[in-house]
Amino acid sequence: MRHPIRWLKRCMTGAVPDFRVSPDVWQYAHVEAALFAACLKPALKLEDLTPVEGRSWRQKIASIQDVVSSLKDQRALPSPESRLLGRAGGTFKHPITLYVAHRPEVLAELLRVEDEQKTGGPRRAEAIRTAGRLLGYPPCCTAAFADLPRQDDPVVVASYGRSAPSNGMVRSLVSESPLLNFFPPLAAPVTWYPCSFSCTASLDAARAGHARLAPEAAQDLTAFLSGVVLAFDRFRFLHLHDARVESGRILYDGVSDALSTPSAPLALSRSSRLRAFRRMVSTVVAGGRELVVAGDRIVVSSSDGSQSSGVLLEPLTVVWFPSPRDDGGHS
Ligand SMILES: [Zn+2]
């Protein structure tokens with residue numbers, strides 16, 4: 001399986017490093033379900049589920065007051081190219097999408113615009129905007145998403161770097177707040193693609209969700225979301241914790257990736273693409289304590305001085321999410 005770094009030199013030795021696990025702070029261990037139950041979203045969409053997961057979720061959400069749901073089973077369709085599951089073809093193991101709303105007319109409209117999006121017709125962009133509104137996403141972000149030439153995950157992630165200065169394959173950005181770190185699945189209160197890392201509508205919505213947590217859980221989550229993210233696409237990312245950026249070097253004390261999600265859906269935890277990413281990329285970085293990315297190169301150094309270096313084969317977006325106690329120092 002192709003991976004985004006070709007290692008030229010690997011000197012990292014020793015035990016397989018531990019990965020930081022995200023705090024399990026949300027009701028149902030799922031941020032979107034928790035925000036929907038708290039009436040912060042008119043509707044909820046859970047996709048890439050197995051039939052067993054679909055049934056289990058339907059039971060769980062039945063405990064929320066006044067809900068209607070619809071379960072779409074695409075088992076009869078050929079397996080599509082999937083952001084998680086890789087190539088098209090083969091058995092479609094995650095064919096279930098569950099739609100849930102507090103009101104029947106909201107559910108009906110969501111189902112209608114979901115079908116409209118699949119037609120690829122002239123009203124597709126409008127259908128995307130309507131679906132975004134029903135799912136509780138800010139209009140500026142949904143509009144920016146709908147305007148992209150393609151809505152594929154790598155295209156969306158690369159679009160963040162468009163206006164940032166690039167250094168070869170690498171683009172670096174600084175986020176307004178760690179609450180805009182949408183990368184860690186099921187943990188981040190932003191569950192859509194924010195239109196930018198300074199989007200005030202996204203930050204307001206994230207704060208409204210975050211404010212529902214008990215103070216200690218809220219603090220844990222903010223600390224977890226802080227740090228530096230190196231992203232090749234939506235799910236192939238590395239999250240460096242307790243990260244300081246000093247003269248182009250990123251010093252860090254821990255690493256997580258998409259597989260660090262507790263109670264992850266099977267589409268994530270069983271993804272061969274993400275497992276390969278962990279084996280080939282995350283493990284090397286987790287074994288280090290300092291990282292430099294420049295041009296098309298990445299160099300990871302451990303505390304004992306051993307190094308791994310490689311060439312980037314895919315564009316990399318680096319986003320710094322300063323923790324509230326940080327007061328600059330990015331360079
Ligand atoms: Zn926005």
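At roughly what angle do the axes of helix 3 and helix 4 cross? Keep that in mind as you open the structure, which is a predicted model.

**Stop one: two helices**

Select residues 104-119 for helix 3 and residues 124-134 for helix 4. Their axes cross at roughly 145° and come within 8 Å. The crossing is left-handed. Now show the side chains at the contact. On helix 3, pick Val106, Glu109, Leu110, Val113, Glu114, Glu116, Gln117 and Thr119. On helix 4, pick Arg124, Ala127, Ile128, Thr130, Ala131 and Leu134. Colour them by class: this contact has 7 nonpolar, 3 polar and 4 charged residues. Angle and distance between the axes are the terms used to describe two packed helices.

**Stop two: strand 7**

Move on to residues 227-231, which form strand 7. Is this strand mostly covered or mostly open? It is mostly covered, with 5 of its 5 residues buried.

**Stop three: the partners of strand 7**

Which strands pair with strand 7 in the antiparallel sense? Strand 15 is one of them, so named for residues 316-321. Select it and look for the 5 bridges that join it to strand 7. Zoom in on Gly227, which stands opposite Phe321 of strand 15.

Next, add residues 237-241, which are strand 8. Strand 8 pairs with strand 7 over 4 bridges, again antiparallel. Click Leu230, then its bridge partner in strand 8, Leu238. Finally, trace the chain from strand 7 to strand 8: the two form a hairpin, with 5 residues between them.

Conventions:
Residues are numbered from 1 along each chain as its sequence is written. This is a predicted model: local features need pLDDT of at least 70, side-chain atom pairs count only at pLDDT 80 or more; totals for chains, interfaces and linings use all residues. A residue is buried if 20 or more other C-beta atoms lie within 10 Å of its own, exposed if 12 or fewer, and partly exposed in between; C-beta atoms are placed from the backbone. Two strands pair if DSSP finds at least two bridges between them. Axes are lines fitted to C-alpha atoms, for helices over the stretch in contact, and angles run from 0 to 180 degrees between N-to-C directions. A crossing is left-handed if the near helix is turned anticlockwise from the far one by less than a right angle, and right-handed if clockwise. Two residues are in contact if their C-beta atoms, placed from the backbone, lie within 7 Å. Ala, Val, Leu, Ile, Met, Phe, Trp, Tyr, Cys and Pro count as nonpolar, Asp, Glu, Lys and Arg as charged, and the others, Gly among them, as polar.
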